Amino acid sequence: MMSVRSRPIGSATRGTTNPNRLRRMDRWIAAAHAGALRRAADPVAVDLGYGAAPWTAVELLGRLRTVRPDAQVVGVEIDPARVAAAKPYERDGLSFAHGGFEVPLPGGRRPLLIRAANVLRQYDEDQVDEVWARLCARLAPGGLVVEGTCDEIGRRHVWVALGPEGPRTLTFAARLGSLGTPSDLAERLPKALIHRNVPGEPVHAFLRDFDRAWAALAPYGALSARQRWIRTAATLRADWPVVDGPHRWRQGELTLRWDALAPRG
Ligand SMILES: C[S@@+](CC[C@H](N)C(=O)[O-])C[C@H]1O[C@@H](n2cnc3c(N)ncnc32)[C@H](O)[C@@H]1O
């Protein structure tokens, strides 16, 4: 049995965060996880590794409450000083706790969502599978882990979504007006893929096709970057297992089945 006194699993890393940084991820979570959130007996989410300030946890609560008004968020941080700094921001539905990848929640509760943004990038690639397995094992039935990376102000994101059974999807999300070419997102690939953008790996082939389709559809850019993205996504669907559609593409998102992009070997 896990002891509440045991040392948190993981290691403290840089605490960089920013207000509004994770809005794209929050928005996607609220849409993709809406059904589970509405059905949940205990709609509790964890913002794991929220950083040097509690903004992302505050914002996640606000976004989840648009779907489920009694949703709760627990910010979990491995750095105790960051937990102490966040405590004054606690309020109805929002609390902060010291912990790591064991994801401690009082009373044996299991989270319906664990969001870990810009946390695993500071670990080694060979730690990812174990951390994922640990997080997935903590989920409530129907729960979701969302693990990924973004730039400092949240214009470019890539994240993996995992269910209790393991990884399901990979989502690219961008502020389209500032995107040169889709492979600009490569520098924000999650830890499992950041070292795999090399020939012979599926994610490399995908980003090559993404760039090609984007280039071929440049004329739509005269209408808007959004129109160009939507046409690009529709083109990619012929060869890649795209699981979302125009409604999400309009937001500058594209989600694919994880197994098509998973690292080889
Ligand atoms: C770069 S900050 C990210 C902050 C915020 N999630 C964001 O995206 O803006 C990473 C934070 O994760 C924390 N962290 C690292 N490993 C952790 C773990 N195993 N459990 C909980 N927090 C962890 C670090 O202490 C750091 O504050």
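These legends accompany four close-up views of a predicted model with its ligand.

**View 1. The ligand in its pocket.** Let's start with the space taken by the ligand, which is the largest pocket. Around the ligand there are 27 residues, and those that come nearest are Thr-17, Gly-49, Glu-77, Arg-82 and Tyr-123. Sorted by class, this shell holds 10 nonpolar, 13 polar and 4 charged residues.

**View 2. Polar contacts to the ligand.** Two side chains and one backbone are worth a look here. Arg-21 places a polar side-chain atom 2.8 Å from an oxygen atom of the ligand, and a polar side-chain atom of Asn-118 likewise lies 2.8 Å from an oxygen atom of the ligand. Ala-117 takes part through its backbone, with an N or O atom 2.9 Å from a nitrogen atom of the ligand. On its own the ligand has 610 Å² of accessible area, and the protein covers 99% of that.

**View 3. Asn-20, ahead of helix H1.** Find Asn-20 in the segment before helix H1 (23-32). Its phi is positive, at about 70°, although Asn-20 is not a glycine. Most residues other than glycine have a negative phi. With a relative accessible area of 42%, Asn-20 is partly exposed.

**View 4. Asn-118, between strand E4 and helix H5.** Here we return to a residue from View 2, Asn-118, whose polar side-chain atom lies 2.8 Å from a ligand oxygen atom. Asn-118 belongs to the loop that runs between strand E4 (113-117) and helix H5 (128-138). Its phi is positive too, at about 60°, although Asn-118 is not a glycine. Asn-118 counts as buried because its relative accessible area is 15%, under the 20% cut-off.

Notes. Residues numbered from 1 in each chain as written. Predicted model: local features only at pLDDT ≥ 70, side-chain atom pairs only at ≥ 80, totals over all residues. Heavy atoms only, no water. Near = heavy atom within 4 Å. Polar contact = N/O pair within 3.5 Å; in protein donor to acceptor, adjacent residues only side chain to side chain. Areas by Shrake-Rupley, 256 points an atom, 1.4 Å probe, with all protein chains shown as cover. 1 Å grid on protein atoms, 1.4 Å probe; cavity = no way out; pocket = protein on both sides within 12 Å on 5 of 7 lines; lining within 4 Å. Sits in = over half its atoms within 2 Å of the grid points. Nonpolar A, V, L, I, M, F, W, Y, C, P; charged D, E, K, R; others polar. Helix = DSSP H or I, 4+ residues; strand = E, 2+ residues; numbered from the N terminus. Buried < 20%, exposed > 50% of the residue type's maximum accessible area, 1.4 Å probe, protein only.
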